[in-house]
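Work through the exercises below with the sequence and the coordinates at hand, and try each task before reading its solution.

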There are 2 protein chains.
Amino acid sequence: MLVVLRLGHRIRRDKRITTHVALASRALGADGIFISGEKDAHLLEGVKDVTGRWGGDFFSEYRRDWKNIIKEYKEKNFMIVHLTFYGMPVQHTIGKLKGENLLVIVGGEKVPREVYYSADYNISVTNQPHSEISALAIFLHCYSDGRELEKNFENAKIRIIPREREKMVQKY
Amino acid sequence: MLVVLRLGHRIRRDKRITTHVALASRALGADGIFISGEKDAHLLEGVKDVTGRWGGDFFSEYRRDWKNIIKEYKEKNFMIVHLTFYGMPVQHTIGKLKGENLLVIVGGEKVPREVYYSADYNISVTNQPHSEISALAIFLHCYSDGRELEKNFENAKIRIIPREREKMVQKY
């Protein structure tokens with residue numbers, strides 16, 4: 001299992017970014033996401049709506065108490081991974097994480113020092129500034145060795161049939 | 001060479017998303033980005049500022065006439081790739097693109113039909129809804145076989161030294 005924890009969501013500033021974090025988590029094989037920071041019912045509805053239509057059993061849940069989430073998942077023997085551009089390169093650390101259950105923490109603007117210390121691994125996807133969305137995407141891709149791209153989403157009401165030029169949508 | 005073309009930027013709605021697209025392009029090995037849609041001087045300044053401080057020679061440029069960009073790059077024998085969740089799976093098509101010069105088109109909200117037809121390849125990173133940022137990230141990662149993660153950025157004024165828990169920044 002792999003669960004994402006998004007810290008420090010701010011409704012006004014982060015709505016689209018956090019939505020993209022959640023949808024990328026789902027599309028790229030995570031089992032669910034906890035969103036912390038400001039409570040944003042509209043965002044959660046949007047993600048649940050995507051899951052309802054596009055299938056699979058991705059969960060998305062607001063939790064203010066992110067410290068407890070970390071504690072709970074440590075107790076369940078999940079490895080705690082924090083994605084940060086200060087951390088150790090993903091390409092050198094991912095080998096230790098494959099096959100493990102992971103809680104993957106994606107920070108917001110200011111990540112408390114405590115997160116760096118409660119994580120088992122602080123991992124960087126390049127040490128350059130880019131985006132928590134691209135960092136998470138590459139992390140998930142490396143973790144699953146590309147198999148996430150073949151994931152099947154059960155009970156979808158809508159599905160794309162890949163085509164070279166046309167848009168082909170199948171509805172059930 | 002690999003150049004990104006971002007279509008349909010809208011200042012109010014897309015500022016952060018397009019910034020992330022640009023920074024992910026830079027961090028993950030693209031040579032530059034053209035931004036089309038609404039002209040957003042502030043966004044371009046931000047990206048140029050990152051390049052100035054963090055190094056490398058990534059270019060970022062506003063161009064209204066995206067059709068001409070496609071034409072110019074076709075004439076330079078670049079392959080035109082359009083990332084869309086309607087397209088053919090990246091994992092089955094990337095092999096044809098390695099070693100080629102690419103113009104990679106990242107759409108906005110509504111992509112004109114013409115883009116699908118002027119692209120040599122319409123490529124999907126999963127056929128699920130997620131994010132142009134995560135799609136681009138995985139595309140660039142697959143294109144470079146992970147070597148983009150080792151890219152060196154010349155003439156940086158600031159650099160992160162990867163650490164397991166601390167934040168270590170080196171300034172020049």
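## Exercise 1: a residue in a strand

Ser36(A) has its place in strand E2 (residues 32-37) of chain A, where strands (E, at least two residues) and helices (H or I, at least four residues) are DSSP runs numbered from the N terminus. The model is a predicted one, in which local features need pLDDT of at least 70 and side-chain atom pairs count only at pLDDT 80 or more, while totals for chains, interfaces and linings use all residues. Residues are numbered from 1 along each chain as its sequence is written, and chains are lettered from A and ligands numbered from 1 in the order in which they are written.

Task: Determine why Ser36(A) counts as partly exposed, and which residues Ser36(A) is in contact with, leaving aside its neighbours within four places in sequence.

Solution. Begin with the criterion: a residue is buried if 20 or more other C-beta atoms lie within 10 Å of its own, exposed if 12 or fewer, and partly exposed in between, with C-beta atoms placed from the backbone. Ser36(A) has 19 C-beta neighbours inside 10 Å, and therefore counts as partly exposed. Next come the contacts, for which the C-beta atoms of two residues, placed from the backbone, must lie within 7 Å. Beyond its neighbours within four places in sequence, Ser36(A) is in contact with Leu5(A), Arg6(A), Leu7(A), Gly8(A), His9(A), Arg63(A), Arg64(A) and Trp66(A). As for one of these, His9(A), the C-alpha atoms of Ser36(A) and His9(A) are 6.0 Å apart in space, although their positions lie 27 residues apart in sequence numbering.

## Exercise 2: the sheet of chain A

Task: Establish the order of the six strands in the open sheet of chain A, and then state how E1(A) is paired with E2(A) and with E5(A).

Solution. Two strands pair if DSSP finds at least two bridges between them. On this basis the order is E3-E2-E1-E5-E4-E6, with parallel pairing. Strand E3 (59-62) and strand E6 (121-124) are the edge strands, each pairing on one side only. Neighbouring strands are turned by 30° against each other on average, direction ignored; such angles are taken between N-to-C directions, run from 0 to 180 degrees, and use axes fitted to C-alpha atoms, for helices over the stretch in contact.

Turning to strand E1 (residues 2-9), five bridges join E1(A) to E2(A) in the parallel sense, and His9(A) stands opposite Gly37(A). Five bridges also join E1(A) to E5(A), again in parallel, and here Val4(A) has Val104(A) as its bridge partner. Seven of the eight residues of E1(A) are buried, so the strand is largely enclosed by the rest of the structure.

Towards the E6 edge, strand E4 (residues 79-89) runs parallel to E6(A) and is joined to it by five bridges, with Val81(A) partnered by Tyr121(A).

## Exercise 3: helix H6 of chain A

Task: Check whether the span of H6(A) agrees with its number of residues, and find how many of those residues are buried.

Solution. The expected span of a helix is 1.5 Å times one less than its number of residues. The twelve residues of H6(A) should therefore span 16 Å, and the end C-alpha atoms are 16 Å apart, which agrees. The helix is mostly covered, since twelve of its twelve residues are buried; among them are Glu132(A), His141(A) and Phe139(A). Just after the helix, Asp145(A) takes a positive phi of about 55°.

## Exercise 4: where the chains meet

Task: Describe the side of chain A that touches chain B, naming the element that gives the most residues to it.

Solution. In total, 41 residues of chain A are in contact with 41 residues of chain B. H1(A) gives the most to this side of chain A, with six residues. The residues of the side divide into 23 nonpolar, 13 polar and five charged, where Ala, Val, Leu, Ile, Met, Phe, Trp, Tyr, Cys and Pro count as nonpolar, Asp, Glu, Lys and Arg as charged, and the others, Gly among them, as polar.

For a single residue, take Ile17(A), which is found in helix H1 of chain A. Ile17(A) counts as buried because it has 22 C-beta neighbours inside 10 Å. Leaving aside its neighbours within four places in sequence, Ile17(A) is in contact with Ile133(A) and Arg16(B).
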